[in-house]
Amino acid sequence: MAKRVRVGVIGLGFAGTEHLKGYRATAPEAEVVALCDLQPDLLAKKADEFGIKTTFTDYHKMLAMDGLDAVDVCIPNDFHAPATLDSLRAGKHVICEKPPARSAKEARQMADMAKKMGKTLMYAVVLRFTSAAQYLKGCIDEGMLGDIYFGRTVYHRRRGIPFGAKSWFVDKKRAGGGALIDIGVHALDLAWWLMGAPKPKAVSGAAYAKFAHLVPPGVRYDVEDSAFAMIRFANDATLIVECSWSLNQAGGSIQQLAGTKGGAEMHPLKIFTEQNGVLADLTPQPVGNDWYGDEVRHFVTSIQNRRTPLATAEQGFQLMQMLDAVYESQSLGREVRIR
Ligand SMILES: NC(=O)c1ccc[n+]([C@@H]2O[C@H](COP(=O)([O-])OP(=O)(O)OC[C@H]3O[C@@H](n4cnc5c(N)ncnc54)[C@H](O)[C@@H]3O)[C@@H](O)[C@H]2O)c1
């Protein structure tokens, strides 16, 4: 049997808790040996719930403990780069929650450090791990859609700006942006990955903050509540991205892809193809799966088998280049080139 991977989880909010359930389902290949959070009460509660004895309020101390192989970074976006860099420097493999960082500059440093230290750096882009996405990716890799040259990806909430205990999400200095970097990143990443992760070339984008009145007084709100973009890739494909925390439209998510041989749509999954001279719509029925469990299991087995994970450090950098370019395009009022 491959060596058990001993993990320390930093940040025990929603994301950290989902990952902990995932590691529990991945035993005995993985074992969470330490937890870290700034809040002692939450730390004690999660330690009790998941039966983990060793806890820290300072992740630097966790990194100094014996017998730690990997670190799972589930803290606010402003700590993704520092915690990932410190963990890699300490010789640990890292899985880091989305968005990879607050900027491409930070994501570049993280990818470079992973390479220098020879350690795995995987980004937790969980929508790649749904059974529907895995099935569709398999069909695409088998050539069912041909060359995909157009995509549209949408993630709208009609009303859903995160604040209250999660107010760091609406503070640009901490989060790096708003709806785009929070949920737009999921939609963009999923469609881009399905399209084969082509190299981004140019971005024209717009971002709006029209719902500040929904945020309680005293909460710093300097991010967008919706964003829209068209991304051009080096292979001449284009992708339209739409996302919002608040928009006067029905909420929901959709990914649409069009290729030379067929097309596809997600939520629900459909494949548009041509069979024996007629247009045919397939409606595959993937069974539901434990996305977070499959995501952390993939991280653990990538380490054990020394395989490059599905969501790489370089892809995290390119993802952040695209997000940066949407914000830059909004502020310049024109298309932005990516080199
Ligand atoms: N993939 C997903 O579906 C998904 C869902 C939610 C959040 N996320 C991502 O996960 C990250 C965390 O989001 P969340 O919703 O769990 O946030 P949260 O605010 O609920 O929890 C964050 C936790 O981190 C702790 N923390 C903050 N700074 C810390 C530090 N320096 N050291 C140790 N602990 C620290 C906080 O005390 C808190 O308990 C974000 O980057 C977010 O974008 C991903």
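Where is the place of Gly-16? In this predicted model, Gly-16 belongs to helix 1, which is made up of residues 14–26. That makes a handy starting point for a walk through the structure, so let us look around it first. Gly-16 has a relative accessibility of 0% and therefore counts as buried, since buried means under 20%. Along the chain, Gly-16 and Val-73 are 57 residues apart, yet their C-alpha atoms are separated by 7.9 Å.

Val-73 also gives us a link to the next stop. Strand 4 covers residues 70–73, and Leu-68 is found in the loop that runs between helix 3 (59–63) and that strand. Is Leu-68 buried or exposed? With a relative accessible area of 5%, Leu-68 is buried. Here too you can pick out a partner from elsewhere in the sequence: Val-5 is 63 residues away from Leu-68 along the chain, and the C-alpha to C-alpha distance in space is 8.1 Å.

Now turn to the ligand. It sits in the largest pocket, and 26 residues surround it. Among these, the closest are Asp-37, Asn-77, His-80, Lys-166 and Tyr-292. What kinds of residues make up the shell around the ligand? The shell divides into 16 nonpolar residues, six polar ones and four charged ones.

Some of the contacts are easy to find if you zoom in on the oxygen atoms of the ligand. Asp-37 places a polar side-chain atom 2.6 Å from a ligand oxygen. Asn-77 also brings a polar side-chain atom to a ligand oxygen, at 2.8 Å. Ala-15 takes part through its backbone, with an N or O atom lying 3.0 Å from an oxygen of the ligand. On its own, the ligand has 840 Å² of accessible area, and the protein covers 89% of that. Ala-15 brings us back to where we began, as helix 1 spans residues 14–26.

Lys-166, one of the closest residues to the ligand, deserves a visit of its own. You will find Lys-166 in the loop between strand 7 (148–156) and helix 7 (172–175). Its relative accessible area is 35%, and because the partly exposed class lies between 20% and 50%, Lys-166 counts as partly exposed. Lys-166 and Pro-76 are 90 residues apart along the chain, while 9.2 Å separates their C-alpha atoms.

From here, move to the stretch around helix 5. Which peptide bond here is cis? The bond from Lys-98 to Pro-99 is cis, with an omega near -10 degrees. Pro-99 lies in the loop between strand 5 (93–97) and helix 5 (104–117). Follow the chain into helix 5 and you meet Lys-105, which is exposed, with a relative accessible area of 63%. Lys-105 and Leu-145 are 40 residues apart in sequence, and their C-alpha atoms lie 34 Å apart in space.

A further cis peptide bond joins His-267 and Pro-268, where omega is about -5 degrees. Pro-268 is part of the loop between strand 12 (263–266) and strand 13 (270–275), and His-267 has its place in the loop between strand 12 and strand 13 as well. The backbone of His-267 is worth a look for another reason: its phi is near 70 degrees, a positive value in a residue other than glycine. How accessible is His-267? At 46% relative accessibility, His-267 counts as partly exposed.

Our last stop is Arg-306. Although this residue is not a glycine, Arg-306 has a positive phi of about 50 degrees. Arg-306 sits in the loop between helix 9 (291–304) and helix 10 (313–332). With 79% relative accessible area, Arg-306 is over the 50% cut-off and is therefore exposed. Tyr-292, one of the closest residues to the ligand, takes us back to the pocket, as helix 9 spans 291–304.

Note on methods
Residues numbered from 1 in each chain as written. Predicted model: local features only at pLDDT ≥ 70, side-chain atom pairs only at ≥ 80, totals over all residues. Heavy atoms only, no water. Near = heavy atom within 4 Å. Polar contact = N/O pair within 3.5 Å; in protein donor to acceptor, adjacent residues only side chain to side chain. Areas by Shrake-Rupley, 256 points an atom, 1.4 Å probe, with all protein chains shown as cover. 1 Å grid on protein atoms, 1.4 Å probe; cavity = no way out; pocket = protein on both sides within 12 Å on 5 of 7 lines; lining within 4 Å. Sits in = over half its atoms within 2 Å of the grid points. Nonpolar A, V, L, I, M, F, W, Y, C, P; charged D, E, K, R; others polar. Helix = DSSP H or I, 4+ residues; strand = E, 2+ residues; numbered from the N terminus. Buried < 20%, exposed > 50% of the residue type's maximum accessible area, 1.4 Å probe, protein only.
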